[in-house]
Amino acid sequence: MTHHRAALVLFSGGQDSTTCLAHALSRFERVETIGFDYGQRHHIEMQARLRVLNELRQQFPAWASRLGEDHVLNLGVLGQVSETSLTRDMAFQMESTGLPNTFVPGRNLLFLTLAAALAYRRDVSVIVTGVCETDFSGYPDCRDDTMKAMQLALSLGMDKRYLIDTPLMWITKSETWQLAHDLGERSGVPNGGQRLVDLIVEHTHTCYSGDREHRHDWGYGCGLCPACELRAKGFEHYRTLV
Ligand code: ZN
């Protein structure tokens, strides 16, 4: 039964991974977080993740007691092997492969492998990640089949039963906002749903361009890059539902 008491969340400081973190905090007794510094253009997310952790601790006391260590790994090597608009100063565009040039080949595979290695040492068997097939299926390393294959490969390769938990896999961006609201509501904090949504709007970072100057209803960002477009559209739709 010690199996599923602890979880490690791949936490980038964005909307999706913050919702995944709330999901884990509502389910597991001990939750640790892992982030990766790989020379991303939106390096500002490394500061956002610290702010989010801090705000969660302050605003959601029941979760604060479950929130354990935060781990940051240096993955500068990713920038060395890939040439993409996430790691280089170039325009966002679609490639002839049909994939956006924000795709960093192997990124999620590497993230999951390192997360599992860390989870091994921390005696954690559940790895939570915010990958999703629904709204934006352009990334092959976000697919459900890829996650299942990784779960099997990591479990066999490390001789430890891992569970890769993907709470956002089949929901839309607006449903992700709704999920955050529901998790906040159940946190025991008065008006917790709205508070968690507000926290995500104000403190998480999604914009690929790293823009923290322009504030919209849905938070900070350039408003033009694919990540901003998706976040804005999802928020707009979510707001029509509540
Ligand atoms: Zn943007």
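Six aromatic pairs occur in the structure. Rings of Phe, Tyr and Trp (its six-membered ring) are paired if their centres lie within 6.5 Å; planes under 30 degrees apart are stacked, over 60 edge-to-face, and the rest tilted. W177 and F235 form one pair, with ring centres 4.8 Å apart and planes at 70°, so the geometry is edge-to-face. This pair joins distant parts of the chain. W177 belongs to helix α7 (residues 173–185) and F235 to helix α9 (residues 226–241), 58 residues apart. Helices are DSSP runs (H or I, at least four residues), as are strands (E, at least two), numbered from the N terminus. W177 and F235 are both buried. Buried stands for under 20% relative accessible area, exposed for over 50%, and partly exposed for values in between (1.4 Å probe, protein chains only).

The model is predicted: local features need pLDDT of at least 70, side-chain atom pairs count only at pLDDT 80 or more, and totals for chains, interfaces and linings use all residues. Residues are numbered from 1 along each chain as its sequence is written, and side-chain values use heavy atoms, without hydrogens and water.

F235 also pairs with Y238. Here the rings are tilted, with 6.1 Å centre to centre and 45° between the planes. Both residues sit in helix α9, three residues apart, about one turn of the helix. F235 and Y238 are buried. Elsewhere, ring pairs connect F36, Y38 and F111 into a cluster. R215 is placed over the face of Y220, 5.6 Å from the ring centre. Such a charge is counted if NZ of Lys or CZ of Arg is within 6 Å of the ring centre and within 35 degrees of the ring normal.

The zinc ion is bound by the SG atoms of C207, C222, C225 and C228, at 2.3 to 2.4 Å. Donors are N, O and S atoms within 2.8 Å of the metal (3.2 Å for Na, K and Ca); water is not among the atoms, so sites may look incomplete. The donor residues follow the spacing C-x14-C-x2-C-x2-C. Angles among the four donor atoms run from 104 to 116°, and the site is tetrahedral. For four donors, that term requires all angles between 85 and 135 degrees. Two of the donor residues are buried: C225 at 2% relative accessibility and C228 at 1%.

A117, in helix α5 (residues 107–121), is partly exposed at 38% relative accessibility. A117 and M158 are 41 residues apart in sequence, with 8.1 Å between their C-alpha atoms.

Technical notes
Tetrahedral: all angles 85-135°; square planar, octahedral: opposite > 155°, others 65-115°.
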